[in-house]
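The following paragraphs lead the reader through a structure step by step. Please keep the sequence and the three-dimensional view at hand while reading.

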Amino acid sequence: MRIRTAGVIAASMLCLAGAAACGDSKDDKAAGSNAPSAAAASGELVIWADDKRSAALQPFAEKFGQENGVTVKIQAISKDQQTTFLTASQQGSGPDVMVGAHDWIGNLVQNGAVDPVQLSDEQKTGLQAGALKAVTFNGQTYGVPYATENLGLIRNTDLAPAAPATIEDLVATGKKLKAQKKVSEILCLQAGQNGDAYHAYPLYASAGGYLFGTTASGDYDAKDLGVGKAGSIAAFEKLRALGEKGDGALKRSITSDNSIATFTGKKCAFLVSGPWATADVKKANITYDISPVPGFSGGKEATPFLGVQTFYVASKGKNKALAQEFVTNYVTTPELAVALYNAEPRPPALTAALDQVKAQDPDLVKWTEAGKNAIPLPAIPAMAAIWEPFGKAEAAVIGGADATKTVEAAAKTISAQIK
Amino acid sequence: MTTQLGGPATRALPAPEKFRERSESAAGRIVKIVLLGLLVATAIWAAFPLAEGRHWIGLGVLAATTAGLLYLYLTRRHIPAKYLVPGTIFLIVFQIFPVLYTASTAFTNFGDGHRGSKADAVTAIQTASVTRVPGSTEYALSIATAGDPATGALVFLITDPTSRAVSIGDAGGLRPAPGGVTVNSAGRVTAAPGYTVLNAGQASARSREITDFAVPTAAGAIRSAGLSRAYEGKAVRAYDAATDSIRDTVTGQVWRADDELGAFVAADGERLAQGWRVGVGFANFTRVLTDDTISRDFLRTLIWDFVFAIGSTGGTFLLGMFCAIALQSTRMRFRGFYRIVMVLPYAMPSFAMLLVWRDMFNTDFGLINNVLGTGVDWLGTGLTAQLAVLLVQLWLGYPYMFLVTTGALQAIPAELTDATRVDGAGPFQSFRQVKLPLLLVALTPLLISSFAFNFNNFNAIYLTTEGGPFPADNPSNGATDLLITYTYRLAFGGSGAQYGYAAAISIFIFLIVAVVSAVSFRRTRAQEEVYS
């Protein structure tokens, strides 16, 4: 018996020793990040991106790794990238570099999750002005933009040969086509039961509405809320007139899931969407053209939002110096921008890369043309309070609700959340 | 049994000798060794981050738990404890700890803008305020050390892009480099006498030091932008520990730390964006009770929540039971086939099915309006949306009720029905007065748990209507909102995540569900006493 007990203990000790040995080697590594021996010196850069982009980044990450003698690890985060990133960096298990949309900036900064990057003047002039402005927050550049995106009007040229100059033109053409039974919908602009502020914004802006005023330094001012002001009420009146009780051009039954499919199914001649829709449209063999979203006749320009895909340096990353090097001195090279364009066709933010791909892709020129007057999607934390109430107000007026009452209620909800 | 184990009567009892032998069979011993080895390995694996983060209490708990477990399984005593302890540990880790964590979060302002500690916020504020000195030069940078690359003191070798003059920078400031320095075409120093120029791998190993390294200059400090460039920058905002405040060196504005809000606040009430996590007492709870937007809609939402939960549970139960009884009739042919078809909806993932149903209710493109030739705005008006949600629930839920009722029906002896027939009762009377009460005794606990589940059935609402349709004058509370979807939107949907507030709300929901369940279970027990 005693021998058996001794055996158990000995085996346990062995396991313990083995585990301790593993622990020791791990300890070495942990210590290594502070003071490695010359032979073991190799840094590791961890990059998080969504599925599509991580595939495109892979070869360049390897190249960067080889050139610099470091390991680069790319991890695909398929869902809820922003929250995952925030939670992970809070726990110290986040990446060194994060790839994501620029409108996260306000929230990432208030949670201390990203560091500013210092771009040289030369690097700054190489970027599109709008893209650079989009990643600037409180006077600092938070990340390097690499691609832009904005809404435009995709038109089935078999059905509607001429680009409409105004929304009124578009509705007239759509109604005519509908009367001829060539289409079943006047316009495919996604709204859904709970509205879609992003897609409604160009029309809202054209009719005189705004979201936030700007401060003297050009940043958005959360204290100056445009929703609820006279201009926004007039804009919602116009949306109501286009809605189900009016022209029937805007409908809640057209949602993010069916708007592109309805267009490719030739059930409507006009689609308001972004560069991500072009692949589907091409696949459906539709002869199409892209033009700016038209505004109301006599109104302002219909300015879509400009969204910018950005490389961020995580402030809680383990390898910040290398992350800064990668983001500021490598992401700003045209090769990478072109490769990312090939993975997903959105206009590159680098002017040099844009010029390079323009020649092979005529659509790209049209998308940038449609986004010429686009305004950067507000990245201030207060923007988070806009989306839902604005969208729901939009859905309500499209359904025929009273515009003044609806906008005022939305404004109350939004300002209560902004504080 | 006795024939096979036959033998002397004494051997039927577990003799101590025999027992010991069985408890230490070879396989058992190996399993034991492996499991205990894994336990120790896990403990050691968990110990390093704890030691690194200086969580000494956590480390103590870990050491004590591991030692206790090793003692428990290496000794022959405490047999019952050997069986009870693993379950107890899992109970603590997966049930009690999350509940305590939620409860403790409810008393804080944890959420966006208040995620980390005060030190984190101060660091973030200072880092975010480092700006380039206007008109300053952009230098090419090489990172070097005096001596060993891993441990030697860091220096920055910087090259002026126009004059190509190389300087050496360290904590003492900037001085011109001695001769003999090699500079490559890009302007970066590749070799310098007396220093080891680091490659990217070596430099990245000292990443944190490099990021924090600043060479003081007259206007600010030279800092690295990556590993190959340097710029002259200046932290505009600085933390002053003596007055516990942040001061802007350019505008002179001061933000004082407010440890009740967890933010730096200026005299005019302006807050810096980066805050920290603090305890807020009962503020989250009182906010739930006093907030206008919540209290105004609370009762309406609560009533619909009950309607939804009772409607879903009752509807599925009635339909499921009807099908089960119909299929129990021996006069029916192809019963097996029907049973399989009946269970199909249950076999589909409800997550995907809810989205499919949402699209089927679409006014213009949905299957339902297209097939019926109607133009009902299903999800656009309150009453139809509520009806639609209940219909979806009925479709998704009745197979489950069908299954459990079929099971329960098997347990009711056929003699009972025969006996009622002898007594002259019709089929309906026999069902109403004999079968149904017996069924209910068996199924009521399931109905109560189904009710509790549906009361908080987030997916059913969120994936079909998202709580909508919303009245024109109230974007925060929709016609099909349950308490859970409504509070989810309040906590996460608006201006960012507010975990503390959400935790407080979830405690309220827990209280409501707990009271409802407790009352129903008491009534069930009373019912059981009547029938037994």
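B:Pro427 counts as exposed, at 75% relative accessibility; here buried means under 20% relative accessible area, exposed over 50%, and partly exposed in between, computed with a 1.4 Å probe on protein chains only. B:Pro427 is found in helix 15 (residues 427–455) of chain B. Helices (H or I, at least four residues) and strands (E, at least two) are DSSP runs, numbered from the N terminus. In sequence B:Pro427 and B:Thr417 are ten residues apart, and in space 8.4 Å separates them, C-alpha to C-alpha.

Some conventions should be stated before going further. This is a predicted model, in which local features need pLDDT of at least 70 and side-chain atom pairs count only at pLDDT 80 or more, while totals for chains, interfaces and linings use all residues. Residues are numbered from 1 along each chain as its sequence is written, chains are lettered from A and ligands numbered from 1 in the order in which they are written, and side-chain values use heavy atoms, with hydrogens and water left out.

How confident is the predictor? The quantity pLDDT is the predictor's confidence in each residue, from 0 to 100. Chain A has a mean pLDDT of 85, and 90% of its residues reach 70 or more. For chain B the mean pLDDT is 84, with 94% of its residues at 70 or more. For the complex, the predictor gives an ipTM of 0.76 and a pTM of 0.80. Over residues 1–41 of chain A, pLDDT stays under 50, and the model has 35 contacts beyond four places in sequence for them; a contact means heavy atoms within 4.5 Å. Over residues 1–13 of chain B, pLDDT also stays under 50, and for this stretch the model has zero contacts beyond four places in sequence. Where pLDDT is low, the predicted coordinates should not be read in detail. Among the elements of chain B, the lowest mean pLDDT (49) belongs to helix 1 (residues 16–23) and the highest (92) to helix 13.

Chain B can next be considered as a whole. It is divided into domain 1 (18–105), domain 2 (118–266) and domain 3 (290–531), with bounds that come from an automatic or database domain assignment. The C-alpha centres of domain 2 and domain 3 of chain B lie 62 Å apart. In an unreviewed entry, UniProt places the feature "transmembrane region" at several spans of chain B, including residues 378–398 and 499–521; the positions are given in the numbering used here, feature names are shortened, and annotations may be inferred rather than shown by experiment. Residues 378–398 of chain B are 81% helix and 0% strand, with end C-alpha atoms 22 Å apart. Residues 499–521 of chain B are 100% helix and 0% strand, and their end C-alpha atoms lie 32 Å apart.

In chain A, helix 8 (residues 197–206) is mostly covered, since ten of its ten residues are buried. Among them are A:Tyr198, A:His199 and A:Leu203. At the start of this helix, a side-chain oxygen of A:Asp196 reaches to within 3.2 Å of the backbone nitrogen of A:Tyr198. Helix 8 of chain A is followed by A:Gly208, whose phi is positive, near 105 degrees.

The last topic is the charged pairs. A salt bridge is a side-chain nitrogen of Lys or Arg within 4 Å of a carboxyl oxygen of Asp or Glu, and by this rule the count comes to 29 over all chains. In one of these, A:Arg155 pairs with A:Asp289, the closest N and O atoms being 3.6 Å apart. A:Arg155 lies in strand 8 (residues 152–156) of chain A and A:Asp289 in strand 12 (residues 288–291) of chain A, so the pair ties together parts that are 134 residues apart in sequence. A:Arg155 is buried, with a relative accessible area of 3%, whereas A:Asp289 is partly exposed at 21%.

Which chains does the salt bridge between A:Arg252 and B:Asp377 join? Its closest N and O atoms are 2.7 Å apart. A:Arg252 lies in the loop between helix 9 (230–242) and helix 10 (259–264) of chain A, and B:Asp377 in the loop between helix 12 (367–372) and helix 13 (382–410) of chain B, so the pair joins two chains. A:Arg252 counts as buried at 10% relative accessibility, and B:Asp377 as partly exposed at 22%. In addition, A:Glu388, A:Lys392, B:Asp481 and B:Arg489 are linked in a network of salt bridges.

Definitions and conventions
A polar contact is a pair of N or O atoms within 3.5 Å; within protein, one must be able to donate a hydrogen and the other to accept it, and residues adjacent in sequence count only if both atoms are side-chain atoms.
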